[in-house]
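Subject: Structure handover

Hi,

Here is the structure I promised to pass on. Please open it alongside this message; my notes come after it.

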Amino acid sequence: MGESPPFLIIIVVTVLVLMMTQFSYAVLYTNSRWIVNEGGQRVKLSCVNWVSHLEVMVAEGLSKQPVDTISKSITNMGFNCVRLTWPLFLFTNDSLVSLTVRQSFNNLGLVESIAGLQANNPSILDLSVLQAYQAVVASLGNNNVMVILDNHISKPGWCCSNFDGNGFFGDQYFNPDLWVQGLTKVATTFNNVTNVVGMSLRNELRGPRQNVNDWYRYMQKGAEAVHAANPDVLVILSGLYFDKDLSFLSKRPLNLTFSGKLVFEIHRYSFTDTKSWETGNPNQVCGQIVNDIMSKGGFLLGQGYPLFVSEFGVDQRGINVNDNRYFNCFLGLAAELDFDWALWTLVGSYYLREGVVGLNEFYGVLDWNWCEPRNSSFLQRISAVQSPFQGLCVRRISLLQPLELGPCSEADPWDYAPTKTLTLTGTYFCLQADKSGQAAKLGIMCTNSNSKWQAISDSKMHLSSKLQDGTSLCLDVDSKNVIFTNTCKCLSKDKSCDPASQWFKIIDSTRQQKTTKSFLQRKQIIQFLGSTLSHIL
């Protein structure tokens, strides 16, 4: 059975409550650029990072809430996976491995945290720190959450800088042989732990020692060691320069003895590009950043490898302009490429970070007490990319009412033709621009210029049509979620404007298909990427 012709659905990435399907644990594989289960069906990793690599070497938050409560909150927020960090010395330093949780906290003077652990997780308090790590993995498994084990650092502590001794092979705390031993021990320890589906070999390689030849030499050793010890897990490899750069793979692939398990990971934040989002024109900055991401990592999808964006995130308070503009653009790329990802971070507060007890983590999806989501509007927006083909879509109530946003399950399919028309599938009705400030409409005269739609601006996220008098208008969304057309925003070099309400994109999405030859069917959709986070002060 061949693939059906592509169709288009107009989809919006703002307010949505995600309905997650239950995940049954299975060994995962790679099929070209997709992660799949044993039956060949797509499994999208929509993860959140849970920090367990700081000095105390215990997953954060256990003094605030029972581990089972935290695990349940992860699924309740729509995530199906945790990237659980670990320091190398937790598995290779005998003096650290033998510590109990109580001793680890006592050594750091964290008496209040011990009291919290006694109240919320008494069964963990006198386990070894390694056993506590295993207990967290088990709790996640009991709550149907997949786990990626991430070697975040060698010496326990906050990450990362170019000169912290943990950055690259041969640094003070980064002995390559010890690293391979640690990877082997972790892979062996979690062999047959069914919810552990992958291992990320090392976080954010960096520093003055970094070079491509040593990357190939040691990453190959690490990958082979992990696969030999635990052939079930995905093997996830990071790049150089704080995991921003995998461009060297475009000319020199990695040679491994196994296949069907290799995934590459990259990171991207707004601050990766300093204050560019705040000081530059958002359309121009978005176009530049997307091009940079594609040249340094995104190209791997075209080469047939899954790409795992294992760290991205924003200030959850919604008050950081740099983060808000970055996030609009990031959602566009996430929707277009449909990659797997892990949000930074779950953590609402830390036991101890960089000398500060109880530090509030504003990038955390949970609040300081680990009780509630820090910003529900953020969760609504991120839900749009938590599973393939999510978001709010354009819904036709009737031919007499304006097009509006609604659940994708109730949306009409559309065709995007080479003539640049958007036509309701199976009909003669196409999307048309009428006047500035007026609702977009459906019509049957689809040869005029006001029925042609194309992506413009550096961001390629304005969908524009021209009226008969030559006036260009762009798709927009009003406060009542009605689709209308308006003068295109921010097409000049103006740095103060915000084009978010007009950021749409025609993208290829995927939906599972029950066919004998293919588990995926490619679709074209138009996704709205605007809005900002509600302010939480």
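Below are my notes on the disulfides, a sheet and a surface patch.

One caution before the details: this is a predicted model.

**Disulfides**

The whole structure was searched, and 6 disulfides turned up. I describe three of them here, one by one.

Start with Cys47 and Cys81. Their sulfur atoms sit 2.2 Å apart, and the two form a disulfide. The S-S torsion of Cys47 and Cys81 is about 80 degrees, so this disulfide is right-handed. Cys47 belongs to strand 4 (residues 46–50) and Cys81 to strand 5 (residues 81–87), so the pair ties together parts that are 34 residues apart in sequence. Are these cysteines buried or exposed? Cys47 is buried, at a relative accessible area of 0%. Cys81 is buried too, with a relative accessibility of 0%. The cut-off for buried is under 20%.

Next, Cys286 and Cys329. A disulfide joins them, with an S to S distance of 2.0 Å. The torsion about the S-S bond of Cys286 and Cys329 is about 80 degrees, so the disulfide is right-handed. This pair links distant parts of the chain. Cys286 is in helix 11 (residues 282–302), Cys329 is in helix 12 (residues 321–337), and 43 residues separate them. Cys286 and Cys329 are both buried.

Then Cys474 and Cys488. These two are joined by a disulfide, S to S 2.1 Å. For Cys474 and Cys488 the S-S torsion is about 95 degrees, so the disulfide is right-handed. Cys474 lies in strand 22 (residues 472–477), while Cys488 is in the loop between strand 23 (483–487) and strand 24 (504–512). The pair therefore ties together parts that are 14 residues apart in sequence. Cys474 counts as buried at 0% relative accessibility. Cys488 has 14% relative accessibility and also counts as buried, because the cut-off is under 20%.

One further cysteine is worth a look. Cys371 counts as partly exposed, at 44% relative accessibility.

**The sheet**

Strand 22, which holds Cys474, is also part of a sheet. In what order do the strands run? The order is 20-21-22-23, an open sheet of 4 strands with antiparallel pairing. Strand 20 and strand 23 are at the edges. Each has a single partner strand, so one side of each has no neighbour in the sheet. On average, neighbouring strands of this sheet are turned by 50 degrees against each other, direction ignored.

At the strand 20 edge, the partner is strand 21 (residues 462–466). The two run antiparallel and are joined by 3 bridges. Gln454 has Ser464 in strand 21 as its bridge partner.

**The surface patch**

Which residues make the nonpolar surface patch? They are Tyr428, Ile444 and Met445, and the patch covers about 420 Å². Met445 sits in the loop between strand 19 (441–443) and strand 20 (454–456). That loop therefore leads to an edge strand of the sheet described above. Met445 is exposed, because its relative accessible area is 54% and the cut-off for exposed is over 50%.

**Where to look**

To find your way in the viewer, go to Cys47 and Cys81 for the disulfide between strand 4 and strand 5. Go to Cys474 for strand 22, and to Met445 for the surface patch.

Best wishes

Terms used
Residues numbered from 1 in each chain as written. Predicted model: local features only at pLDDT ≥ 70, side-chain atom pairs only at ≥ 80, totals over all residues. Heavy atoms only, no water. Patch = residues over 30% accessible without salt bridge, like charges linked within 9 Å, V, L, I, M, F, W, Y side chains within 5 Å. Areas by Shrake-Rupley, 256 points an atom, 1.4 Å probe, with all protein chains shown as cover. Salt bridge = Lys/Arg side-chain N within 4 Å of Asp/Glu carboxyl O. Buried < 20%, exposed > 50% of the residue type's maximum accessible area, 1.4 Å probe, protein only. Disulfide = S-S within 2.5 Å. Pairing = 2+ DSSP bridges. Axes fitted to C-alpha atoms, helices over the stretch in contact; angles between N-to-C directions.
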